[in-house]
Amino acid sequence: MNLHQLRFVREVVRQNFNLTAAAKALFTSQPGVSKAIIELEDELGVEIFRRHGKRIRSLTEPGKRILVSIERLLEEAETLKRVGNDYANQDQGSFVIATTHTQARYALPKVLSEFTKRFPKVRVSLLQGNPSQIAQMLLEDRADLAIATEGLANTPGVLALPSHQWQHAVVVPSGHPLLNHESITLELLTKYPLITYAKAFSGRSKIDAAFAQRNLTPDIILEAIDADVIKTYVENGMGVGIVAGVALDPERDRQLKSISVGHIFGTNVTHIGIKQGAYLRSFIFTFIELFSPTLTRKIVEQAMSSESSDYQI
């Protein structure tokens with residue numbers, strides 16, 4: 001039994017039982033993958049996969065249990081490598097953050113600027129996507145950390161650490177009628193065409209829930225994943241924007257006025273996601289504390305040792 005065989009089994013499952021795709025992902029040959037899996041099954045004395053002819057269809061019952069052990073063994077093997085690398089290169093290496101556009105554009109620049117001053121030999125990469133894509137990047141070890149508002153706290157295998165709270169804001173051009181009201185209501189917003197985030201992004205679920213609870217139907221004429229896009233169309237007079245309050249930039253948004261609407265859409269929480277069981281290098285703990293000063297290394301390590309996937313601080 002060797003790690004190559006274990007990786008082959010895991011990748012076949014990840015590739016929906018397609019041997020050709022698994023071999024391509026692992027930069028090897030299909031016959032080599034097939035032979036290694038058969039040898040592992042012979043050694044274990046059970047079939048891991050159900051087959052129809054030469055095609056693999058699914059996992060057997062013992063195969064499902066074996067896969068759980070394989071995932072754990074491969075994670076431990078990766079941890080051993082990371083521990084060695086960490087102590088050999090404590091202030092250098094690669095650091096991959098999976099996040100949304102809003103976080104990359106507004107929350108991370110100052111943090112990363114300070115981080116790179118402290119760790120000039122660390123090469124940082126930002127992978128952007130929607131929350132479900134971000135969580136998947138983390139689970140597949142394509143990212144060291146994930147940062148998002150939606151999704152992470154509900155993803156099995158991901159430890160979600162609460163970082164920042166924020167509220168939505170309405171953005172309109174100067175002179176807009178909404179600026180004449182002392183308080184914005186949901187009923188008032190239904191009178192205007194709205195421009196806001198796509199379904200999976202930046203607290204959109206809170207917006208939809210607020211209207212639904214009052215049996216109101218908002219006129220959402222445009223959805224986007226990017227707050228800058230939303231604000232651009234607001235500037236062009238297309239409608240009223242609803243964006244994350246953290247996405248307001250005094251320099252960029254000089255033609256816009258903002259109105260806080262946390263009282264109708266509630267408070268959102270940005271989470272830092274860590275794969276459960278992952279090994280974090282020392283500089284990652286530093287980054288986490290720079291991003292959220294309350295998340296000290298001691299608190300993060302305590303959370304990682306907890307069984308809960310949504311740690312409360």
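Contact means heavy atoms within 4.5 Å. Helices (H or I, at least four residues) and strands (E, at least two) are DSSP runs, numbered from the N terminus. The model is predicted: local features need pLDDT of at least 70, side-chain atom pairs count only at pLDDT 80 or more, and totals for chains, interfaces and linings use all residues. Residues are numbered from 1 along each chain as its sequence is written, and side-chain values use heavy atoms, with hydrogens and water left out.

**Exercise 1. Helix H3**

Task: Compare the span of helix H3 with its expected value, then describe its buried side, its exposed side and its ends.

Solution.

Step 1. The expected span of a helix is 1.5 Å times one less than its number of residues. Helix H3 covers residues 30-44, so its 15 residues should span 21 Å; the end C-alpha atoms are 21 Å apart, in agreement.

Step 2. Buried means under 20% relative accessible area, exposed over 50%, and partly exposed in between (1.4 Å probe, protein chains only). Val33, Ala36, Ile37, Leu40 and Glu41 are the buried residues of H3. Viewed down the axis of H3, these residues fall within an arc of 135°, so they line one face of the helix. The arc is that of the directions from the helix axis to the C-beta atoms. An α-helix has 3.6 residues a turn, so residues three or four places apart point the same way.

Step 3. The buried residues of H3 pack against H1, helix H2 (19-25) and strand S1 (49-52). Pro31, Lys35 and Asp42 are exposed on the other side of H3.

Step 4. At the N-terminal end, Ser29 caps H3, with a side-chain oxygen 3.2 Å from the backbone nitrogen of Gly32. Just after H3, Gly45 has a positive phi of about 80°.

**Exercise 2. Two residues that touch H3**

Task: Where do Gln5 and Thr28 lie, and which residues are they in contact with?

Solution.

Step 1. Gln5 belongs to helix H1 (residues 3-14). Its relative accessibility is 5%, so Gln5 counts as buried. Apart from neighbours within four places in sequence, Gln5 is in contact with Ala36, Glu39 and Leu40.

Step 2. Thr28 sits in the loop between H2 and H3. With 36% relative accessibility, Thr28 counts as partly exposed. Neighbours within four places aside, Thr28 is in contact with Phe8, Ala23 and Val33.

Step 3. For a distance across the model, take Thr28 and Gln167: they are 139 residues apart in sequence and 49 Å apart in space, C-alpha to C-alpha.

**Exercise 3. Positive phi in a loop**

Task: What are the phi values of Asn16 and Phe17, and is each residue buried or exposed?

Solution.

Step 1. Most residues other than glycine have a negative phi, and most peptide bonds are trans.

Step 2. Asn16 has a positive phi near 60° and lies in the loop between H1 and H2. At 64% relative accessibility, Asn16 is exposed.

Step 3. Phe17 has a positive phi near 65° and is found in the loop between H1 and H2. Its relative accessible area is 18%, so Phe17 is buried.

**Exercise 4. Helix H10 and Asp228**

Task: Identify the buried residues of helix H10 and what covers them, then place Asp228 among its contacts.

Solution.

Step 1. In helix H10 (residues 227-235), the buried residues are Ala227, Asp228, Ile230, Lys231 and Val234. Down the axis of H10, they fall within an arc of 155°, so they line one face of the helix.

Step 2. Their cover includes helix H5 (101-107) and the strands S6 (158-173), S7 (193-197), S8 (219-224), S9 (240-244) and S10 (256-260).

Step 3. Asp226 caps the N-terminal end of H10 through a side-chain oxygen 2.7 Å from the backbone nitrogen of Asp228. Just after H10, Gly237 takes a positive phi of about 80°.

Step 4. Asp228 is buried, at 16% relative accessible area. Beyond neighbours within four places in sequence, Asp228 is in contact with His101, Arg105, Tyr106 and Arg252. The side chains of Asp228 and Tyr106 are joined by a polar contact of 2.3 Å. A polar contact is a pair of N or O atoms within 3.5 Å; within protein, one must be able to donate a hydrogen and the other to accept it, and residues adjacent in sequence count only if both atoms are side-chain atoms.
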